[in-house]
Amino acid sequence: MKPVFVDGIGITRFGKDPRPLPAIFCDAARQALESGRCQDVDAIFIGVMAAEEFTGDGNIASCIADALGLTGRPAVRIETASSSGAAALYAGVQAIASGCHRRVLVVAGEKMTHFGTRAATRVLAGVLDREERQCGATMPALAAMIAEKYRQHFRLSRSRMEAMLCAVALKNHLNASHNPLAHFRNAVTREMYLASDFVATPLRRFDCAPITDGAAALVLTAERTDVRLSGIGQGTGPVSMAERETFVSFPATRIAAARAYRMAETSPEGIDIAEVHDAFTPFEIISTEDLGFFPPGKGGEAALAGKTALDGPLPVNASGGLKARGHPVGASGLAQVVEIAKALRGHGAGNREFMRGLAQSTGGLATNNFVTILERAGARAVHSPGLPAALEVPVDRPKKAPRREPAGSEGEIETFTVLHVTPEGFSPPLALALIRDHARRLVIAQGKDSRQLKIGREVYLRRGDGFYVFKVKSRLEIAKEAVRKLLQRGLRWRRPRLGELPT
């Protein structure tokens, strides 16, 4: 496999951009072409998630090639939900490493801000399982359910979990205040965080990335430069929440990380700086654990201790991350890699010297994830006894048949949220829960009441108008059922023996 190097890079100001999508793409692409040693490329790889929905335009690859004056070159559009930018990079790396091309342009972006919040939420929810969408689930809702399960699994108090999420939000907004291209450039205080509205409990407005316009680009080349792309990996996972084996880790990240570390011949200890997917603050915490930087359940403690701060031993999201730099969904995966390249070249990130950096991108609800490792020329190898056990994930699992059997009439809450910012067609507040029925099957359901929600609480479950509906059992109902079961057991115990007359 031929080595792959990074030449020119480019990134636009993230935020509300009045220009049409092709113009935003061209801005980033021209920066990358003009800042490098080569101003011509053999092919173009384009990452965008939902241009048809957001702008009404299709055939994006041809449009961008035409707008750049590069007609005649092969141009391909790549889409893997919110990791589309990283996926376009992956395709570009394969083109160089295979020897098919010597230099390629990778450019990714999205235009979203002309949509209202509820309309944009509906578009973004399109990457979720259909049954979940029919129930009113959104990306923030499912992220909140994962955060609640994480809190319960690692036995964190609500106040401790809140402090961890707040630490991530404050850190990333502070980092973005030093980034002239960030969507948000003001630091946030703890008081501001706690005063912000809930989007989906326990996630507040400052826990969620903004709707943003923007683009990023870079040129990959087979010719040696000061930055080498030394490792890249991809992993996938189930789309449906009901098909997941864990809700406190993202196996797709662990698979991608293991492949990237092996390709780069390094380990988590060899990484000096990282950009990880933090569209929601708990995702940064989980990702730093899945990448092997911290043990399971300790990512939040690391953020509280300042270990991931700009002046900490491992700066994470020094650019402000998706949370504060902004999250134009198609662009973010590539923008992360551009930020790492900038940091390795001594631009940004507190002007510290870094030799090796990592970018981690999440597609959908962690269903199509990428990990990319860049290193400066002359970076020393980091010898490790092996990857952390958490990264050793079997990837050739037998395919599971979709669980589409009707759920039972009763179950218990596996995790839940109350959604305060709902998609079009649903009214807030909307209670959503993942219910495990008595046959151990999982199903997402909409609640009739947003009160009395707790993991483990018993519920009644029925099929509603196209989705499941749950009702939390009252204490009186639980007590009556317990008495009835006790009486039934007693009657069975007193059943007469064969030949014995009943009394």
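## Exercises on a predicted model

Ala366 lies in the loop that runs between β10 and β11. The model is predicted.

**Exercise 1.** Find what is unusual in the backbone at Ala366, and decide whether Ala366 is buried or exposed.

*Solution.* Start with the backbone: phi of Ala366 is positive, about 60°, although the residue is not a glycine. Most residues other than glycine have a negative phi. Next take the accessibility, where buried means under 20% relative accessible area. Ala366 has 5% relative accessibility and therefore counts as buried.

**Exercise 2.** Place Thr367 in the chain, classify its burial and list its contacts beyond four places in sequence.

*Solution.* Thr367 belongs to the loop between β10 (356-361) and β11 (368-376). Its relative accessible area is 14%, so Thr367 is buried. With neighbours within four places in sequence set aside, Thr367 touches Gly235, Thr236, Gly237, Pro238, Val239 and Arg244.

**Exercise 3.** Which phi value does Ala81 have, where does Ala81 lie, and is Ala81 buried or exposed?

*Solution.* Phi of Ala81 is near 65°, a positive value in a residue other than glycine. Ala81 sits in the loop between β3 and α4 (84-97). Its relative accessible area is 7%, so by the cut-off of under 20% Ala81 is buried.

**Exercise 4.** Write down the strand order of the open sheet of 9 strands and identify the strands at the edges.

*Solution.* The order is β3-β2-β4-β7-β1-β8-β11-β10-β9, and the pairing is mixed. β3 (75-78) and β9 (273-276) are the edge strands; each has a single partner strand, so one side of each has no neighbour in the sheet. From one strand to the next, the twist averages 25°.

**Exercise 5.** Describe how β1 pairs with β8, then state which strands helix α1 touches.

*Solution.* β1 (residues 4-11) and β8 (residues 227-236) run antiparallel and are joined by 3 bridges. Opposite Phe5 stands Arg228 in β8. Helix α1 (residues 21-35) packs on the sheet and touches β1, β2 (43-47), β4 (103-110) and β7 (214-221). The direction of α1 makes about 35° with that of β7.

**Exercise 6.** Give omega for the peptide bonds from Thr201 to Pro202 and from Pro428 to Pro429, and place the two prolines that end them.

*Solution.* Most peptide bonds are trans. From Thr201 to Pro202 the bond is cis, with omega near 5°; Pro202 lies in the loop between β5 (198-200) and β6 (203-204). The bond from Pro428 to Pro429 is also cis, with omega near -10°. Pro429 is placed in the loop between β12 (410-419) and β13 (430-437).

Terms used: Residues are numbered from 1 along each chain as its sequence is written. This is a predicted model: local features need pLDDT of at least 70, side-chain atom pairs count only at pLDDT 80 or more; totals for chains, interfaces and linings use all residues. Side-chain values use heavy atoms; hydrogens and water are left out. Two strands pair if DSSP finds at least two bridges between them. Axes are lines fitted to C-alpha atoms, for helices over the stretch in contact, and angles run from 0 to 180 degrees between N-to-C directions. Contact means heavy atoms within 4.5 Å. Buried means under 20% relative accessible area, exposed over 50%, partly exposed in between (1.4 Å probe, protein chains only).
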